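Work through these exercises with the coordinates open. Each task is followed by a solution in steps.

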Amino acid sequence: MTLTTAPCATRSSQYDAFYAARARAGLVGQLYAMAMGEDYPVEIGASSSCDWHLLGLLTARLRLRPGRVLVDAGCGTGGIGLWLARALAVRLDGFDLSSVATAQAAERRTDFLGTHSDRAVFRTAGLEDTGLPTGHAQGIVCVDALGRATDRGAALRELGRILEPGGRLVMTRALRHGAEPQWQDQLAAAGLVQEHVDERPGEPAMWERLYRLWIQHAAQLRLELGETPAERMLREAQQTLPSLHGRRAVLLTVRRLPHEPDEPRAADTMTRPNTQPGDQPTGRNPQ
C-alpha cells in the first residue's frame, strides 16, 4: 500500500497501524482475493500487486542458485520473500519500514520453511538505509515498494550497494500515461544496467478492481480496521483511480555487472502474453 510521502517515523507508524489492523480482520485479504480471482496466491497474502504471474517472473529473472542470499526489500509481512526462499532453496534477508510487518513476517517463517526457518531473517529498515553489508546479496526483489522511498535515486544506489557483482535486482515499476521511463540515469548512478523489461498489462485493471472494492466496502472497512487506517486506504483509492487509465506497469530486471562492459548492451525486452488476471490486498499502490 502506498501512503502519502512523510518523514520516516510517520510513515512507519502509518504502516504499523495498517498491518496491525489487517491482522485483526480478514476483510482486506478477502478484497484482494476478489480483485485477483484465481491469480491471487492465497498463501502469500501480500499487500501488493503480486499474483501468480509475477511470482513466476521473479523466479525466472532472479536465476539464483541454492544457498545464495536473496533480499526482499520492502517485504511487508514476508510472503513473497518466504515463497521464493522455499522455491529456490536460498537464504532470505527481508526488511521493511514497519516493525509490526517484520514481526509478522518472522512468525510466518515456519509456515514456509519448516525446520529450516533459520534461513530467513527480518529487520526494520528503509530502502535508503538498509543496514546490510556491501555486496551482501546475489538477488534482490522489490515489489511495489520503491514508491515508498523518499528519494528513489538514493534507494536504488543503496540496493545497488548491497548487491554482489553479477547479482540481479528485480523490481516492479510503473509509468503514467505517455510518460517516458526515468530510471536509466538512476540505474547508471547506482552502477546497474537494465537486463529485461517484462510488461504487466493486467496490473492497472487489478488496482482499479481493488480500489473500487475498497470504496464499495467503505463502511465495513471502517468497522473492521478502524477509522484512521480505513480512511487512508479510501483516500489512496480515490486519489489513484483517475491515474490508472493508460498506465504502463512492468517488471524491471537490472544487474550489477561482474566487470565493466566494453560497450553498453541493449536491454532484452520480453512481453508477457496479454492476459488479464481474474478477480485480487491494500497494499502498496502502483508507483
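**Exercise 1. Find the ring that arginine 148 lies over, and give the distance.**

Solution. The model is predicted. Start from the CZ atom of arginine 148. Arginine 148 lies over the face of tyrosine 15. The distance to the ring centre is 4.8 Å. The cut-off for such a charge is 6 Å from the ring centre, so the 4.8 Å of this pair satisfies the distance test.

**Exercise 2. Classify the ring pair of tyrosine 211 and tryptophan 214.**

Solution. Two quantities are needed. A pair of aromatic rings is described by the distance of the centres and the angle of the planes.

- Step 1: the whole structure holds four aromatic pairs. In the pair of tyrosine 211 and tryptophan 214, the ring centres are 5.1 Å apart.
- Step 2: the planes of tyrosine 211 and tryptophan 214 meet at 65 degrees. Angles over 60 degrees count as edge-to-face, so this pair is edge-to-face.
- Step 3: place the pair. Both residues belong to helix α9 (residues 203-216), three residues apart, or about one turn of the helix.
- Step 4: check exposure. Tyrosine 211 is buried at 0% relative accessible area. Tryptophan 214 is also buried, at 0%.
- Step 5: extend the pair. Trp207 joins Tyr211 and Trp214 in one aromatic cluster.

**Exercise 3. Decide whether cysteine 50 and cysteine 142 are buried or exposed, and state how many disulfides a search of the whole structure finds.**

Solution. Buried means under 20% relative accessible area. Cysteine 50 has 2%, so cysteine 50 is buried. Cysteine 142 has 0%, so cysteine 142 is buried as well. The disulfide search returns zero for the whole structure.

**Exercise 4. Describe the largest nonpolar core: which residues touch the most other members?**

Solution. Begin with the size. The core has 29 residues. Those touching the most other members are Phe95, Leu127, Ile140, Cys142, Leu169, Met171 and Leu187. Next, sort by element. β1 (69-73), β4 (137-142), α7 (152-161), β5 (163-175), α8 (183-189) and β7 (248-255) each supply at least two core residues. β5 gives the most, with four. As background, nonpolar side chains tend to be buried together in soluble globular proteins.

**Exercise 5. Determine how the buried residues of α3 are arranged around its axis.**

Solution. List them: Leu54, Leu55, Leu57, Leu58, Arg61 and Leu62. Their arc spans only 165 degrees, so they sit on the same side of α3. Now inspect the ends. At the start, a side-chain oxygen of aspartate 51 comes within 3.3 Å of the backbone nitrogen of histidine 53. After α3 comes arginine 63, with a positive phi near 55 degrees.

Histidine 53 has a further partner. Its side chain makes a polar contact of 3.4 Å with the side chain of aspartate 39. Aspartate 39 lies in the loop between α2 (27-36) and α3 (52-62). With 10% relative accessibility, aspartate 39 is buried.

**Exercise 6. Repeat the analysis for α10: which residues are buried, and which are exposed on the other side?**

Solution. In α10 (residues 218-225), Ala218, Leu221 and Leu225 are buried. Their arc is only 60 degrees, so they share the same side of α10. Ala219 and Leu223 are exposed on the other side. Just after α10, glycine 226 has a positive phi of about 100 degrees.

**Exercise 7. Give the sequence and spatial separation of arginine 176 and serine 243.**

Solution. Arginine 176 is in the loop between β5 and α8. Arginine 176 is exposed, at 58% relative accessibility. In sequence, arginine 176 and serine 243 are 67 residues apart. In space, their C-alpha atoms are 6.9 Å apart.

How values were computed:
Residues numbered from 1 in each chain as written. Predicted model: local features only at pLDDT ≥ 70, side-chain atom pairs only at ≥ 80, totals over all residues. Heavy atoms only, no water. Disulfide = S-S within 2.5 Å. Buried < 20%, exposed > 50% of the residue type's maximum accessible area, 1.4 Å probe, protein only. Arc of directions from axis to C-beta. Polar contact = N/O pair within 3.5 Å; in protein donor to acceptor, adjacent residues only side chain to side chain. Phe/Tyr/Trp six-rings, centres within 6.5 Å; stacked < 30°, edge-to-face > 60°. Lys NZ or Arg CZ within 6 Å of the ring centre and 35° of its normal. Core = buried A, V, L, I, M, F, W, Y, C linked by side-chain atoms within 4.5 Å.
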